[in-house]
Amino acid sequence: LVIDDKGPEISLAAVKGVKTFRLSSMNRRIQVSGSKVGERYSVHDMKGRVVRSGVVDAANFEIPVTNAGVYMVRVGSSAARIRVK
């Protein structure tokens with residue numbers, strides 16, 4: 001790892017792979033908070049299929065899903081798993 005002041009800025013969260021957003025769920029809706037506007041998001045089922053995707057238009061938003069289950073949510077380069085009931 002080389003650190004200099006000439007390259008683009010990157011956060012420690014991105015280096016460590018720490019998610020930079022929070023997830024919760026209610027009534028088959030995944031609630032995302034603390035995300036960065038303009039980043040791409042996607043929701044994957046546990047078989048890896050993309051069930052929803054788009055661009056973040058607000059720091060806090062909801063993503064509806066049709067079935068209960070466990071999903072992987074990716075926002076930008078961060079990802080987190082959530083169980084939807």
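Student: Which residues does Ser35 touch, leaving out those up to four places away in sequence?
Tutor: In this predicted model, Ser35 touches Phe21, Val56, Ala58, Ala59, Phe61 and Val75, once residues up to four places away in sequence are set aside.

Student: And how far apart are Ser35 and Val75, in sequence and in space?
Tutor: Ser35 and Val75 are separated by 40 residues along the sequence, while their C-alpha atoms lie 7.2 Å apart in space.

Student: What does the side chain of Ser35 reach?
Tutor: The side chain of Ser35 reaches the backbone oxygen of Ala59, at a distance of 2.9 Å, and Ala59 is also one of the residues that Ser35 touches.

Student: Where is Ser35 placed, and is it buried or exposed?
Tutor: Ser35 has its place in the loop between β2, which covers residues 29-33, and β3. Ser35 counts as buried, because its relative accessibility is 8% and the cut-off for buried is under 20%.

Student: Okay, on to β2. Which strands does β2 pair with?
Tutor: β2 pairs in the antiparallel sense with strand β1, residues 22-26, over 5 bridges, and it also pairs in the antiparallel sense with strand β5, residues 61-64, over 4 bridges.

Student: Which residues stand opposite each other in those pairings?
Tutor: On the β1 side, Arg22 stands opposite Ser33 in β2, and on the β5 side, Val32 stands opposite Phe61. Phe61 also appears among the residues that Ser35 touches.

Student: What sits between β1 and β2?
Tutor: The two strands form a hairpin with 2 residues between them, and Asn27 in that turn has a positive phi of about 50°.

Student: Which residues of β2 are on the covered face, and which on the uncovered one?
Tutor: Ile30 and Val32 make up the covered face of β2, whereas Arg29, Gln31 and Ser33 make up the uncovered one. In a regular strand, side chains alternate between the two faces of the sheet.

Student: So what is the strand order in that sheet?
Tutor: The order is β1-β2-β5, in an open sheet of 3 strands with antiparallel pairing. The edge strands are β1 and β5, each of which pairs on one side only. Neighbouring strands of this sheet are turned by 25° against each other on average, with direction ignored.

Student: What about the sheet with β3 in it, how are the strands ordered there?
Tutor: That one is an open sheet of 4 strands in the order β4-β3-β6-β7, with antiparallel pairing. Its edge strands are β4, residues 50-55, and β7, residues 78-84, and each of these pairs on one side only. The twist from one strand to the next averages 15°.

Student: How many bridges join β3 to β6?
Tutor: There are 5 bridges between strand β3, residues 40-45, and strand β6, residues 69-75, and the two strands run antiparallel. His44 stands opposite Met72 in β6.

Student: Zooming out, how many helices and strands does the chain have?
Tutor: The protein chain has 1 helix and 7 strands, and from the N terminus on its elements run α-β-β-β-β-β-β-β.

Student: What share of the residues counts as buried, and how much of the accessible surface belongs to carbon and sulfur?
Tutor: Of the 85 residues, 26% count as buried. The accessible surface comes to about 6,200 Å², and 51% of that surface belongs to carbon and sulfur atoms.

Student: And what share of the contacts join residues at least 24 apart?
Tutor: Among contacts between residues at least 6 apart in sequence, 50% join residues at least 24 apart.

Definitions and conventions. Residues are numbered from 1 along each chain as its sequence is written. This is a predicted model: local features need pLDDT of at least 70, side-chain atom pairs count only at pLDDT 80 or more; totals for chains, interfaces and linings use all residues. Side-chain values use heavy atoms; hydrogens and water are left out. Two strands pair if DSSP finds at least two bridges between them. Axes are lines fitted to C-alpha atoms, for helices over the stretch in contact, and angles run from 0 to 180 degrees between N-to-C directions. Buried means under 20% relative accessible area, exposed over 50%, partly exposed in between (1.4 Å probe, protein chains only). Contact means heavy atoms within 4.5 Å. A polar contact is a pair of N or O atoms within 3.5 Å; within protein, one must be able to donate a hydrogen and the other to accept it, and residues adjacent in sequence count only if both atoms are side-chain atoms. Accessible areas come from the Shrake-Rupley method with a 1.4 Å probe; for residues, only the protein chains shown count as cover.
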